[in-house]
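Open the model in your viewer and keep the selection panel at hand. We will go from stop to stop, picking something to select and then saying what is there.

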2 protein chains.
Amino acid sequence: MSDLLERLRGRGWRMTAQRRVVAEVLDGEHIHLTADEVLARATTRLPEISRATVYNTLGELVSLGEVTEVTTDGRAKRYDPNAHRPHHHLVCSRCGAIRDVHPDGDPLADLPASERFGFAVSGVEMTYRGVCPDCA
Amino acid sequence: MSDLLERLRGRGWRMTAQRRVVAEVLDGEHIHLTADEVLARATTRLPEISRATVYNTLGELVSLGEVTEVTTDGRAKRYDPNAHRPHHHLVCSRCGAIRDVHPDGDPLADLPASERFGFAVSGVEMTYRGVCPDCA
DNA sequence: GTATTGACTTGGACCTGGTCCATCGTAGGA
DNA sequence: TCCTACGATGGACCAGGTCCAAGTCAATAC
């Protein structure tokens with residue numbers, strides 16, 4: 001069984017066939033599916049699952065902190081199960097392919113107090129853009 | 001007249017009352033309006049302007065490189081007229097307020113070759129998150 | 001094993017942000 | 001001043017996402 005399912009069970013998450021399938025579909029590295037893609041993959045395993053349930057389950061996984069939402073293009077949100085290890089994203093400007101990346105340095109430290117406008121700054125998301133080998 | 005209008009005229013942009021109003025509404029620092037907000041403000045000056053025209057004009061300004069699109073929340077895109085001076089954004093997690101910021105360092109240099117997956121990397125967007133003074 | 005119950009699921013209506021298109025209007029050149 | 005290609009209009013349409021009332025079921029208690 002996946003780590004994700006293991007953790008959810010440990011947190012007392014009520015297990016249903018639908019939730020299991022959604023969690024299984026999201027398991028792995030460099031996974032960045034849209035809700036519709038999750039629905040499509042879940043449907044192959046559990047044909048009667050509904051769109052609303054997929055949205056509900058994804059929303060819960062996000063509030064549990066097990067999955068993060070990424071919007072790289074202003075269109076559909078994507079769901080990234082790799083929330084336990086902080087990372088940023090590298091996106092192909094042509095085909096939209098996404099890779100998880102780990103830049104050096106501490107971008108939070110690079111924002112001087114004079115550029116904080118009195119905000120309590122707590123995090124930063126970085127989206128690198130480029131062209132992937134397949135599109136070059 | 002604003003710099004923006006000046007530049008557009010210099011580039012042979014056909015000037016109409018609608019385009020002028022949209023460009024004027026977008027003039028200034030720390031401006032990050034949604035298309036609907038642009039429409040609302042434009043409507044006070046030119047009541048008969050249509051939604052389609054606002055979207056068309058914003059799209060053109062973006063392809064001309066005079067305005068950049070920002071999506072900070074996966075909802076409506078926002079339009080940032082400050083495209084001629086590169087910058088990043090600091091967003092309040094509570095109220096959504098946005099400030100332009102200029103971090104130190106070169107985030108592009110912080111992405112090692114081993115983390116580039118063969119991409120030709122050309123740029124990076126950073127979104128700092130925090131709580132603004134008004135919401136604290 | 002059965003009863004109970006509150007949480008989960010469902011499908012469909014609905015909402016928001018955005019795009020498209022046929023038609024009308026007009027800026028700017030001749 | 002006239003022409004015409006480009007821009008504006010509004011209304012239909014689309015994608016992604018949310019909401020809701022009704023039905024279903026996992027987990028607990030007995």
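Start at DNA strand C and select the protein surface near it. This is a predicted model, and in it four helices each supply at least two residues of that surface: α2 (17–25) and α4 (51–63) from chain A, with α3 (35–45) and α4 (51–63) from chain B. Colour α4(A) next, since you will want to see the element that gives the most here, with 4 residues. Now show the residues around the strand: 23 of them surround DNA strand C. For labels, pick the closest, which are A:T16, A:Q18, A:A52, A:T53 and B:K77. Colouring this surface by class gives 8 nonpolar, 8 polar and 7 charged residues.

**The other strand**

Move on to DNA strand D. Which elements each supply at least two residues of the surface near this strand? They are α3 and α4 of chain A together with α2 (17–25) and α4 of chain B. Here α4(B) gives the most, again to be coloured, with 4 residues. The residues surrounding DNA strand D number 23, and the closest to label are A:K77, B:Q18, B:S50, B:A52 and B:T53. By class this surface divides into 8 nonpolar, 8 polar and 7 charged residues.

**Inside a helix**

Stay with chain A and select α2(A). Its buried residues are A:V21, A:V22, A:A23 and A:V25. Show their side chains along with the neighbouring helices: these buried residues pack against α1 (3–10), α3 (35–45) and α4 of chain A. As you turn the helix, keep in mind that an α-helix has 3.6 residues a turn, so residues three or four places apart point the same way.

**Chain A as a whole**

Hide everything except chain A and switch to a cartoon. You should find 4 helices and 6 strands, and from the N terminus on the order is α-α-β-α-α-β-β-β-β-β. The C-alpha atoms fill a box of roughly 55 × 40 × 25 Å along the principal axes. Of the 136 residues in chain A, 28% are buried. If you draw a contact map, note that among contacts in chain A with a separation of 6 or more, 49% join residues 24 or more positions apart.

Now give two colours to the domains. The domain assignment of chain A lists domain 1 as 3–80 and domain 2 as 88–130. Put a dummy atom at the C-alpha centre of each, and the distance between the two centres in chain A comes to 24 Å. Where these domains touch, 5 residues come from domain 1 of chain A and 7 residues from domain 2 of chain A. On the domain 1 side, the classes are 1 nonpolar, 3 polar and 1 charged.

**Two copies, one axis**

Bring chain B back. What rotation superposes chain B on chain A? A rotation of 180°, with 0.0 Å of shift along its axis, does so with an RMSD of 0.1 Å. The two copies are thus related as by a two-fold rotation axis. To find the axis from the chain B side, select B:M126: in chain B, its C-alpha is the nearest to the axis, at 2.2 Å.

Next, select the interface between the chains. Here 35 residues of chain B are in contact with 35 residues of chain A. On the chain B side, the elements that give two or more residues are β4 (88–92), β5 (98–101) and β6 (120–131) of chain B. Highlight β6(B), which gives the most, with 12 residues. Sorted by class, the side of chain B that touches chain A has 18 nonpolar, 9 polar and 8 charged residues. The copies meet through the same surface, because 100% of the interface residues of chain B are also interface residues in chain A.

**Strands across the interface**

Finish by zooming in on β6 (residues 120–131) of chain A beside β6(B). These strands run antiparallel and are joined by 11 bridges. Two pairs make handy landmarks: the bridge partner of A:V124 in β6(B) is B:Y128, while that of A:V131 is B:A120. Then show β4(B), which runs parallel to β6(B) and is joined to it by 4 bridges. To locate this pairing, select B:H89, whose bridge partner in β6(B) is B:T127. While the side chains are visible, remember that in a regular strand they alternate between the two faces of the sheet.

Key. Residues are numbered from 1 along each chain as its sequence is written. Chains are lettered from A and ligands numbered from 1 in the order in which they are written. This is a predicted model: local features need pLDDT of at least 70, side-chain atom pairs count only at pLDDT 80 or more; totals for chains, interfaces and linings use all residues. A residue is near a molecule or strand if its C-beta atom, placed from the backbone, lies within 6 Å of it. Ala, Val, Leu, Ile, Met, Phe, Trp, Tyr, Cys and Pro count as nonpolar, Asp, Glu, Lys and Arg as charged, and the others, Gly among them, as polar. Copies are superposed by least squares on the C-alpha atoms of residues with pLDDT of at least 70 in both. Two residues are in contact if their C-beta atoms, placed from the backbone, lie within 7 Å. Two strands pair if DSSP finds at least two bridges between them. Domain bounds come from an automatic or database domain assignment. A residue is buried if 20 or more other C-beta atoms lie within 10 Å of its own, exposed if 12 or fewer, and partly exposed in between; C-beta atoms are placed from the backbone.
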